[in-house]
Amino acid sequence: MSAADALRVENVSHWFGVRQVLSEVSFRVPQGQFVALLGPNGAGKTTLFAIIARLYHSRTGAVRVFERDMQREPSRALADLGIVFQARTLDPDLTIGQNLVYHAALHGIVKRHAVERSAALLARVGLADRMDDKVRTLSGGQARRVEIARALIHQPRLLLLDEPTVGLDMASRSDIVADIRALVREEGLSVLWATHILDEIEPDDGVVVLHEGQVIASGPVRSVASEGGLATAFHQLTNDRRVKENA
Amino acid sequence: MSSTVTVEGRLGFAGYATCFSGIVRREFLRFVNQRERFLSALVRPLVWLFIFAAGFRSVLGVSIIPPYETYVLYEVYVVPGLAVMIQLFNGMQSSLSMVYDREVGSMRVLLTSPFPRWSILLAKLAAGVLVSLLQVYVFLAIAHVWEVDIPPLGYLAALPALVLSGLMLGSIGLFLSSLVRQLENFASVMNFVIFPMFFASSALYPLWRIRESSEALYMICLANPFTHAVELVRHALYGSFDPTALSVVTLVTLVFFVLAVLAYDPARGIMIRRGGPAGETT
């Protein structure tokens, strides 16, 4: 139990009706690290994100963001959390600037500060001149970059991204991955990045492998990956699990 | 790029106020961007006033009943009901936008604000009421041109009544938004909520007339909170006060707001049962 953890998920289980979607999920994201939450579609990644983001509580277990318990101190825990959801969540009828100022207000940041910070963040994601454009004029990759800027507007120390590159072309995908890695490197941001794309994970990252609602491996990529690489290890892990279940 | 305000500072009272005004501003911007919504919100009561009321003027005589001190024309009688009808539609429109927000995912952004859920929902509610007030006063101005005379002070006295009736109808809408599973199901809200509430009330005809034709319908109208919202506004417009209406409207507002807060509570609300927006993997 390290005091430096940006996120600790402890024994989280969840059911929708009688269907169990998460089972005793535990892992940690150390401060200033890029951790990939790796799992195939349907593994429970989005449900886990919803629980971490307090959209709903887990039936059992705990979530702590920088030692703040999400159920007991939700305000302080959420203030440290930036989230990019899998679904597009910008308001298409508003301008990019209006979307960012709205999000800043949801975190108690007044308009003047929000406008300043929006300009700086949009410059960072290469969209400095688009502040007054309607969201519906953006491409998929640009909208995603605005969502990342929005998630950073209240200066969170932990950023959650739920499959942020889904549906994007190769160039946009690699731009976004590079942007986030730069934030980790330059600003010490902690990141939990849900994905099912192995190419987005690097040897120095942490990885949590989620399969059918259970964590089947976690730790530094180097220790989880076999000699054949992370892809081989991932397929082996998920297949082993299937074989055990069918036995 | 650094802000001088600390996290603790942002989460204080000033932060609440910023969050509140941010939500209200966003709803207002959405409203301004949807001019056809404003237009249709106005056209609906104006059709009732210009066509229905004119047609029924000779058929439906209205006797002297409080708060009126003299015989009034039917279009005079019907104006308060139509004003609250605007709020009824507006409340349901807000509810519709909550369901839409949930489907497209922007609800998630709202619900991950560090401020308590009740304060977020209250801000949504307040925003809806503000928008409805704007619509109602434009309607009242047009009605004035149509020679529906209301005492000048009545416009001012009606403001708190309209705020309260707007809060009540908004709370009902907010609660309904937690029950409606999908956007497509919203038509049933029209059938089962808006029309019965509007027609089984004192909006279009005085309750004594309803009682003459059916005692059961009269009792239904009396139990309908929309009746009390209409009467509260009707009395306020003519400088009188209806304590029963005020009590009913206040109580119904509180009950439905608490129900809405419970429905959006992370431990027991709709998100825990329904999960995320359509199209996301689990």
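Which backbone oxygen does the side chain of B:R117 reach at 2.7 Å? Select B:R117 to begin, and bear in mind that this is a predicted model, in which local features need pLDDT of at least 70, side-chain atom pairs count only at pLDDT 80 or more, and totals for chains, interfaces and linings use all residues. Residues are numbered from 1 along each chain as its sequence is written, chains are lettered from A in the order in which they are written, and side-chain values use heavy atoms, with hydrogens and water left out.

The oxygen in question belongs to A:R54, and the side chain of B:R117 also reaches the backbone oxygen of B:L111, at 3.5 Å. Now show B:D265, the nearest side chain of opposite charge, which is 6.6 Å away from B:R117; B:R117 is buried (under 20% relative accessible area, 1.4 Å probe, protein chains only) and has no salt bridge, a term for a side-chain nitrogen of Lys or Arg within 4 Å of a carboxyl oxygen of Asp or Glu.

Next, select chain A and chain B together, where the contact (heavy atoms within 4.5 Å) takes 49 residues from chain A and 43 residues from chain B. Highlight A:L55, A:Y102 and A:L106, which supply 16% of the area that chain A buries against chain B, more than any other three residues; buried area is the accessible area (1.4 Å probe) that two parts lose on being put together, summed over both.

Finally, select B:R30 and A:D91, whose side chains meet in a salt bridge at 3.0 Å, N to O, and note that the count between chain A and chain B is two salt bridges.

Methods. Buried means under 20% relative accessible area, exposed over 50%, partly exposed in between (1.4 Å probe, protein chains only). Lys and Arg count as positive and Asp and Glu as negative; His and the chain ends are not counted. A polar contact is a pair of N or O atoms within 3.5 Å; within protein, one must be able to donate a hydrogen and the other to accept it, and residues adjacent in sequence count only if both atoms are side-chain atoms.
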